[in-house]
Amino acid sequence: MNPSLQTTATAIHTFVARCRAADYPPLVARMRSGWVVMGERQVFAGYCLLLPDPVVPHLNALAATSRDRFLSDMALIGDAILAATSALRINYAMFGNVEPALHAHLFPRFADEPAATRTAQPWAFDWSLAPEYSTETHGELQRRIAARLTAHSR
C-alpha cells in the first residue's frame, strides 16, 4: 500500500477497538452504525459521542445507506439523552479537525445554565474544569441513556 494513503490511527480508532473488546468504561451502547460512549470530560452531564464502526475519515466517506444510518443513530441518541437528562435541547457537532476520523458530539443543553454561557458553543468552555467521566459519578446516567436506547430498539 502507498504510505501516503495509509490512515494514521486516531483516538477514535482506539476507542472503537476498546468498545469492540468491551474494555471501555464510558461505553453506553452498540448502535447500528457504531458505538455511543460518554465523553471523557462531562462538560455537560450526559455529553456523548457516536463513533462509527468501522472508522472512516469523515461523513462523506460513508456510502449513502451507511451515512443515513449514522445520522439516524445520532438523532436516536439525542432522543435518549433528552429523555434521560430532561435537557432543553441537544447540540450536535462533527468536525474531525483534531481527530481526523468521523465522530459526532452530542451535548445536552439545559435551561438552568448560567446566562453568561447559555448561548456559548461547548468549545468555549474550559474543559479542564469539567468533571472526568467516572462510572461512580456518571454510571446511573449512562445506564438511563442505555436503557432509553434499548427501549427504542425493541
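**Exercise 1. Determine in which sense S1 and S2 pair, and over how many bridges.**

*Solution.* Strands S1 and S2 pair in the antiparallel sense, and three bridges connect them. The structure examined here is a predicted model. One step towards the register is to locate alanine 29, which stands opposite valine 36 in S2. The connection between the strands is then examined: S1 and S2 form a hairpin, with three residues between them.

**Exercise 2. Establish how S2 is joined to S3, and how many residues of S2 are buried.**

*Solution.* S2 and S3 run antiparallel and are joined by five bridges. Within this pairing, methionine 38 has cysteine 48 in S3 as its bridge partner. Turning to solvent access, five of the five residues of S2 are buried, and the strand is thus described as mostly covered.

**Exercise 3. Identify the buried residues of helix H1, and state which strands they pack against.**

*Solution.* Helix H1 spans residues 11–20, and its buried residues are Ile12, Phe15, Val16 and Cys19. These residues cover an arc of only 100° around the axis, and therefore lie on the same side of H1. The next step is to find what this side meets: the buried residues of H1 pack against strand S1 (27–30), strand S2 (34–38) and strand S3 (48–52).

The ends of the helix complete the description. At the N-terminal end, threonine 10 acts as the cap of H1, with a side-chain oxygen 3.1 Å from the backbone nitrogen of isoleucine 12. Just after H1, alanine 22 adopts a positive phi of about 55°.

**Exercise 4. Locate serine 33, decide whether it is buried or exposed, and list what it touches.**

*Solution.* Serine 33 is placed in the loop between S1 and S2. Its relative accessible area is 8%; a residue counts as buried under 20%, so serine 33 is buried. When residues up to four places away in sequence are not counted, serine 33 touches Leu50, Leu51, Pro52, Asp53, Arg69, Phe70 and Asp73.

**Exercise 5. Describe the salt bridge between arginine 30 and aspartate 53, and state which parts of the chain the pair links.**

*Solution.* The closest N and O atoms of arginine 30 and aspartate 53 are 4.0 Å apart, and the two residues form a salt bridge. The pair links distant parts of the chain: arginine 30 belongs to strand S1, whereas aspartate 53 lies in the loop between S3 and helix H2 (64–85), 23 residues apart. The partners are then assessed for exposure. Arginine 30 is partly exposed, at a relative accessible area of 44%, while aspartate 53, at 16%, counts as buried.

**Exercise 6. Establish how many salt bridges the structure holds, and examine the pairs 109–113 and 140–143.**

*Solution.* The structure holds seven salt bridges. In one of them, the side chains of arginine 109 and glutamate 113 meet at 2.8 Å, N to O. Both of these residues, arginine 109 and glutamate 113, are buried.

In another, arginine 143 bonds with glutamate 140 as a salt bridge, the closest N and O atoms being 3.5 Å apart. Arginine 143 and glutamate 140 are three residues apart in helix H3 (residues 135–153), so about one helical turn separates them. Glutamate 140 is partly exposed, with a relative accessible area of 45%. Finally, salt bridges that share partners join Arg20, Arg30 and Asp53 into one network.

**Exercise 7. Count the aromatic pairs, and characterise the two that phenylalanine 44 forms with phenylalanine 107 and phenylalanine 125.**

*Solution.* The count comes to nine aromatic pairs. For phenylalanine 44 and phenylalanine 107, the ring centres are 6.2 Å apart and the planes make an angle of 80°, an edge-to-face pair. Phenylalanine 44 lies in the loop between S2 and S3, and phenylalanine 107 in strand S5 (residues 104–109), so the pair ties together parts 63 residues apart in sequence. Both partners are covered: phenylalanine 44 is buried at a relative accessible area of 7%, and phenylalanine 107 is buried at 0%.

For phenylalanine 44 and phenylalanine 125, the centres are 5.3 Å apart with the planes at 80°, so this pair is edge-to-face. Because phenylalanine 125 lies in the loop between S5 and H3, and phenylalanine 44 in the loop between S2 and S3, the pair ties together parts 81 residues apart in sequence. As a last step, the ring pairs are traced further: they link Phe44, Tyr47, Phe95, Phe107, Trp123, Phe125 and Trp127 into a cluster.

Notes
Residues numbered from 1 in each chain as written. Predicted model: local features only at pLDDT ≥ 70, side-chain atom pairs only at ≥ 80, totals over all residues. Heavy atoms only, no water. Buried < 20%, exposed > 50% of the residue type's maximum accessible area, 1.4 Å probe, protein only. Helix = DSSP H or I, 4+ residues; strand = E, 2+ residues; numbered from the N terminus. Arc of directions from axis to C-beta. Contact = heavy atoms within 4.5 Å. Polar contact = N/O pair within 3.5 Å; in protein donor to acceptor, adjacent residues only side chain to side chain. Pairing = 2+ DSSP bridges. Phe/Tyr/Trp six-rings, centres within 6.5 Å; stacked < 30°, edge-to-face > 60°.
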